[in-house]
Amino acid sequence: MGFFSKSFQKTSLKDMYSSATYAGQDRGGNHIYVPNWIVSGYSGKDIYKTDFDLSTKVGKELALRVVEPFAMVLDRCGSMMRNGKIYVVDKNNNEKPRYADITNLLNRPNVMQNGKAFIKQVEIYLKAFGFCPIFLLRATKKDLPKSMVVIPPSLFHIEGKGNLFRETSKDSIVDRVYIQWGERRLELFEEDYVVIYDSIAHYPSKSGEEITFYTPVDTLSAQARNYMAQIIGRGNLIINGGPKGILYGDDTSDMGNAALTPTEADNLMAKFKRKFGIVNKLYEIMVTNKKVGWISIGSNTQGLMLHEESEACKNEIANTIGLQPDLFSQGATFDNKEAAKKAAYQDLIIPDSELIAQALTESICPDGVHIVIDFSHVSCLQDDRMKNAQSLSSVSQALNNLVNDGVITIDEARKELANYMDIDPDKPIGEFKNNQINISNEGNQ
């Protein structure tokens, strides 16, 4: 190959990838080129990363920033949790003025967040990492915290002592806890933090090793890789001009069959690109001196089914987190979406809220006081309340008939009714209690 041919080849390759950035190789050894629009739109190179390991805290944190369906599903979880109303109540579920300090803390946990933003972040970290650590700023060990700040799980480290099965206190299991924030390491005592977790904790057998948490999200590495790979593939096909191919001449005459000079080939290729390029980017083609025709040597997004892969990744991520894909599907009917939303609250959000409320209660509330996160006002759950009311009406009518027929006593009826509503059958309160006392007194006279 002559000098001119080599130069022409290098120039062609340079033109082909002039709008792309080399991103290394994948696990199969294939070279990856990423469109510059992806790189320029973000501050770091992680946006075109395809090798994700969601079994690690760093991998999950990265996926939250760059893997769209993963971030979208978890943001929906956080937004649904944010819909809850937080109350501080006594054992009888009554709010008291003396709980105002706790209520104020929950409404404004720190100087940068209100209560809604705080509880949303807690839920996102809980589902993404399987646990959510919270920093508690206290004046003394027993004081109500002055503020509560969610600790990014990637900065939080908890080391074990290598003990577990014969221990009865946390101090004999946990060796040290600290926040590693850049060059700074902040050591934490037991009163400085609380860890909310909904996963399987792994306690190391050796002292000094970290306690880790296993979660279904650990299995989503392949889905994150596939999603990013198809996004990069779609971008390359669009930015680099769609299908690639070879143009050859169809003139069978002696004159038309003559070999094209390099200059003629360049001119023909440039004119073709300017006329038929798409989205302001020229087609990448090759020109030969053979008969005219077009030989496609590439694929389009439809042929590669990249959109289907994107949808499949989103559905698998949603299912793994615990949400029905209909909640995110544009083609789902309103009824299906409402059913998916209701199932999300009942099977995921409300159980998580109880977990969060219990952990916060144990950390910041005195005995006899607890935190409740209520979702009874959420519209998609109202149908269930109506059904519960109808069921309660039918049960109470049946019990009333049994009492009137002398089959059961009022006390027996109240015990059965306690299975359907929150009452204490042995300790009635209010006006009914006073009437019972008066009836009892009349019987003793």
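Two strands are taken to pair if DSSP finds at least two bridges between them. In this predicted model, strand 7 (residues 174–181) and strand 8 (residues 184–188) pair in the antiparallel sense, over 5 bridges. V177 has L188 of strand 8 as its bridge partner. The hairpin of strand 7 and strand 8 has 2 residues between the strands. There, G182 takes a positive phi near 65°.

The hairpin belongs to an open sheet of 3 strands, in the order 6-7-8. Pairing in this sheet is antiparallel. Strand 6 (156–160) and strand 8 are the edge strands, and each pairs on one side only. From one strand to the next, the twist averages 25°. In general, strands of a sheet pair through backbone hydrogen bonds, either parallel or antiparallel.

The chain as a whole comes to 14 helices and 15 strands. Of its 445 residues, 36% are buried. Contacts with a separation of 6 or more were also examined by distance along the sequence. Residues 24 or more positions apart account for 62% of them.

The largest nonpolar core has 74 residues. Those with the most contacts inside this core are F52, V67, F70, I134, M148 and I356. Helix 11 (residues 334–364) gives the most to the core, with 10 residues. In soluble globular proteins, nonpolar side chains tend to be buried together.

The surroundings of I134 were examined next. Neighbours within four places in sequence were left aside. I134 is then in contact with F118 and V122, and with M148, V149, V150 and I151. Its contacts also include D192, Y193, V194 and I196. L360 is another residue in contact with I134.

Helix 11 also meets helix 4 (residues 68–82). The axes of the two helices come within 10 Å and cross at roughly 70°. Angles of 65 to 115 degrees count as roughly perpendicular, so helix 4 is roughly perpendicular to helix 11. On the helix 4 side, the contact is made by C77, M80 and M81. Helix 11 contributes K341, A344, Y345, L348, I349, D352, S353 and I356. By class, the contact has 8 nonpolar, 1 polar and 2 charged residues. I356 of helix 11 thus appears in this contact and among the residues with the most contacts inside the largest nonpolar core.

Methods: Residues numbered from 1 in each chain as written. Predicted model: local features only at pLDDT ≥ 70, side-chain atom pairs only at ≥ 80, totals over all residues. Heavy atoms only, no water. Core = buried A, V, L, I, M, F, W, Y, C linked by side-chain atoms within 4.5 Å. Buried < 20%, exposed > 50% of the residue type's maximum accessible area, 1.4 Å probe, protein only. Helix = DSSP H or I, 4+ residues; strand = E, 2+ residues; numbered from the N terminus. Contact = heavy atoms within 4.5 Å. Axes fitted to C-alpha atoms, helices over the stretch in contact; angles between N-to-C directions. Parallel < 35°, antiparallel > 145°, perpendicular 65-115°, else oblique. Nonpolar A, V, L, I, M, F, W, Y, C, P; charged D, E, K, R; others polar.
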